[in-house]
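Open the structure in your viewer and keep the selection panel at hand. The stops below say what to select next and what is there.

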Amino acid sequence: MFHSNQSQILKQEVLTKRAIGKCRATPINYKERLFVLTPTHLTYYEGNEKSKGKEKGSLELWKIKAIERVDEKALKKKFCFQIEYEDYVLYIIAKDEKQRYDWMTILREEVEAKENNLQPSHHPGVFISSLWTCCTGKEKNSRGCKNSFCFEDAINKSARPRENGNDHCEINFKVTAKFDYNTTQETDLPLKKDQEYTVIDVSQVNWWLARDEFGKIGHIPSNFVVRHFGIESEKWYHGDMTRQEADQVMQNSNDGTFLVRNASKPKMYTLSFSFQGAVKHYHIKTDSDNLFYVSQRHSFKSVVQLIEYHKLNSAGLVTRLRFPYTGTNNPPVLLGSGVFQINRNELTIMKQIGTGQFGTVHEALWKNNKLVAVKMMKPDSMSEHDFIEEAKVMQRFQHRNLVTLYGVCSTNSPLYIVVELMKNGSLLDYLRNNKQLLEKTQVLIDIILKVSSAMEYLEKNKFIHRDLAARNCLVGENSMIKVGDFGLARYVLDDEYTASEGSKFPVRWAAPEVIEYTKFSSKSDVWSFGVLTWEVFTGGKSPYAMLNNYQVANEVRKGYRLEEPNNCPKDIYTLMCNCWHQTPERRPSFCSIKEHLERLTEDF
């Protein structure tokens, strides 16, 4: 897990570290350590700034899941903060509030810039004597009892920053607007495309607090702006774009149109560019000196320098990089910061676009200018209060492959759930109406890769979907796939899926432990993902079509599995079978599924 890192030093200071306690025999103690932060690692040494001494541990930043304050009463020490990673928590004590604030600020900034895996909740206390001091929970790996820094409840917050600096992270970095943003809330700040703004608070992951050139302060949507530093500031960088998406958006482009995207391996990149009607893909590699190159004769300290060089010289490529692909000019739909309870009088309900076990789905206009989808829940069909409380957390979930939950209308019946509109309908209908996709293996792999990416995000945030299936995934413009209805199933009081008397769930997508004990987990979601993958590679066929629900439940208990689809790659059917392992612990995680599919995507 630990190894040293000799990259550029961003910050180094002596702090006090509490023993992690990986071994029960190890006593809990506190020792001063020299902490050194680089762009990729947080490393600590036994010495001081004059003499580092022996390295004692090193943590990769992308593994960090939380950077939070610790209750003073928990450890009986002031100025303590925690860094959560994997199944461990690193407790660090600063000498004063400023030092704690500075370290938490720069750590959050670096983690968010590289790999935004921060989870929505945390425990502000510590786990002692088999109990959390903050909530008396008995499970060490239980979901946190308090909203985390990046998922603060913003509904009743003022746009004015707190003067004591304790409740927001005043970091002051420059951004440029990618799109215009016309405000809908008094606390928001309007954006003008290509104008510069100063961000002063990122405590809300989706709505940053910013200041314009005239000194006016308000919330701005974080996905409408781009930073002024690092590869993310470059217009040609499209980090999460897949190979299939790159092929699609650049297939008719001029020779030399290019972009850079993340490769399947962490912290690596791929250069994609068009030439003579085809799209070429080259891995950007690093040598023993951590220099970047495409052609080994020409290496550079940064990807930006590499791109600038190849704009002027082909140098091993079939063409110079002539035209950066800058992406779509269509901004995401936003309702405004803090919007959760939506006035139903502001919604103009239009045509019905779907129906399901919970009710009907309609296209609608919000305030006569923003298209949304409205789920009208059947009266008395769900536990409304419990869902609304959970939905406040779900609204904070932001991922390019998750349907965005905007808010609810709960003041009158029926309950409205307002979500992002996906114009091409459900993935199930999309598969059934486009049978030619069965001949395009790479497209099908890309579909399940996008689903696995969303599910990995939910898995990391300790959130269970419970109803993952092709019918609950949606298709938008440019074949964008998004997972919808996450978390909804647990609040529906009655639905059409019944295995036996007293148990209700989608039987044909249900794992054995769900059928037997109604026990849901991320591993039961993995089973459902295997069935969804089968749906994708059969063009939307119904699982176990010749069996009724009762027969499906019995056959799955006995070990029966869905047959291999025609022309399905062996690697994909092997993946399905791994997802359908009888023992949940032996099923893969969504993280490993995603990594496997990313490698396959590059191979096909």
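Leaving aside neighbours within four places in sequence, which residues is threonine 198 in contact with? Select threonine 198 together with Asn172, Phe173, Lys174, Leu209, Ala210 and Arg211, the residues that answer this; contact means heavy atoms within 4.5 Å.

Before going further, a note on the model. Residues are numbered from 1 along each chain as its sequence is written, and side-chain values use heavy atoms, with hydrogens and water left out. This is a predicted model, in which local features need pLDDT of at least 70 and side-chain atom pairs count only at pLDDT 80 or more, while totals for chains, interfaces and linings use all residues.

**Stop 1: threonine 198 and arginine 227**

Stay on threonine 198, which is found in strand β13 (residues 196-201). Helices (H or I, at least four residues) and strands (E, at least two) are DSSP runs, numbered from the N terminus. Threonine 198 has 10% relative accessibility and therefore counts as buried. Buried means under 20% relative accessible area, exposed over 50%, and partly exposed in between (1.4 Å probe, protein chains only). Now show the side chain of lysine 174: a polar contact of 2.8 Å joins it to the side chain of threonine 198. A polar contact is a pair of N or O atoms within 3.5 Å; within protein, one must be able to donate a hydrogen and the other to accept it, and residues adjacent in sequence count only if both atoms are side-chain atoms.

Next, select arginine 227, in strand β16 (residues 225-227). Its relative accessibility is 6%, so arginine 227 counts as buried. Not counting residues up to four places away in sequence, arginine 227 touches Glu109, Glu112, Phe173, Lys174, Val175, Trp208, Glu232 and Ser233.

**Stop 2: the whole chain**

Zoom out and colour by pLDDT, the predictor's confidence in each residue, from 0 to 100. The chain has a mean pLDDT of 84, and 88% of its residues reach 70 or more. Residues 1-6 have pLDDT below 50; this stretch has 23 contacts in the model beyond near neighbours in sequence. Select residues 152-170 as well: pLDDT stays under 50 there, and the model has 45 contacts for them beyond four places in sequence.

Switch to a cartoon view, where the chain has twelve helices and 31 strands. Of its 604 residues, 53% count as buried. Among contacts in the chain with a separation of 6 or more, 58% are between residues 24 or more positions apart.

**Stop 3: helix α9**

Select residues 522-537, which make up helix α9. What distance separates the end C-alpha atoms of α9? They are 23 Å apart, which agrees with the 22 Å that its 16 residues should span at 1.5 Å a residue; the expected span is 1.5 Å times one less than the number of residues. Because 15 of its 16 residues are buried, α9 is largely enclosed by the rest of the structure.

Add serine 521, which caps the N-terminal end of α9, with a side-chain oxygen 3.1 Å from the backbone nitrogen of lysine 523. Just after the helix, glycine 539 takes a positive phi of about 75 degrees.

**Stop 4: salt bridges**

How many salt bridges does a search of the whole structure find? It finds 21, where a salt bridge is a side-chain nitrogen of Lys or Arg within 4 Å of a carboxyl oxygen of Asp or Glu.

Select glutamate 308 and lysine 311, whose side chains meet in a salt bridge (3.1 Å, N to O). Both lie in helix α4 (residues 303-312), three residues apart, about one turn of the helix. Glutamate 308 is partly exposed at 38% relative accessibility, and lysine 311 is partly exposed at 25%.

Move to helix α7 (residues 441-460), where aspartate 446 and lysine 450 are four residues apart and so separated by about one helical turn. Their closest N and O atoms are 3.0 Å apart, in a salt bridge, and both residues are buried. Add Glu245 and Arg400 to the selection: with Asp446 and Lys450 they are linked in a network of salt bridges.

**Stop 5: cysteines**

Finally, select cysteine 568 and cysteine 577. The sulfur of cysteine 577 is the closest cysteine sulfur to that of cysteine 568, but at 9.3 Å it is too far for a bond. Cysteine 568 counts as buried, at 7% relative accessibility. The whole structure has zero disulfides, a disulfide being a pair of cysteine sulfur atoms within 2.5 Å.
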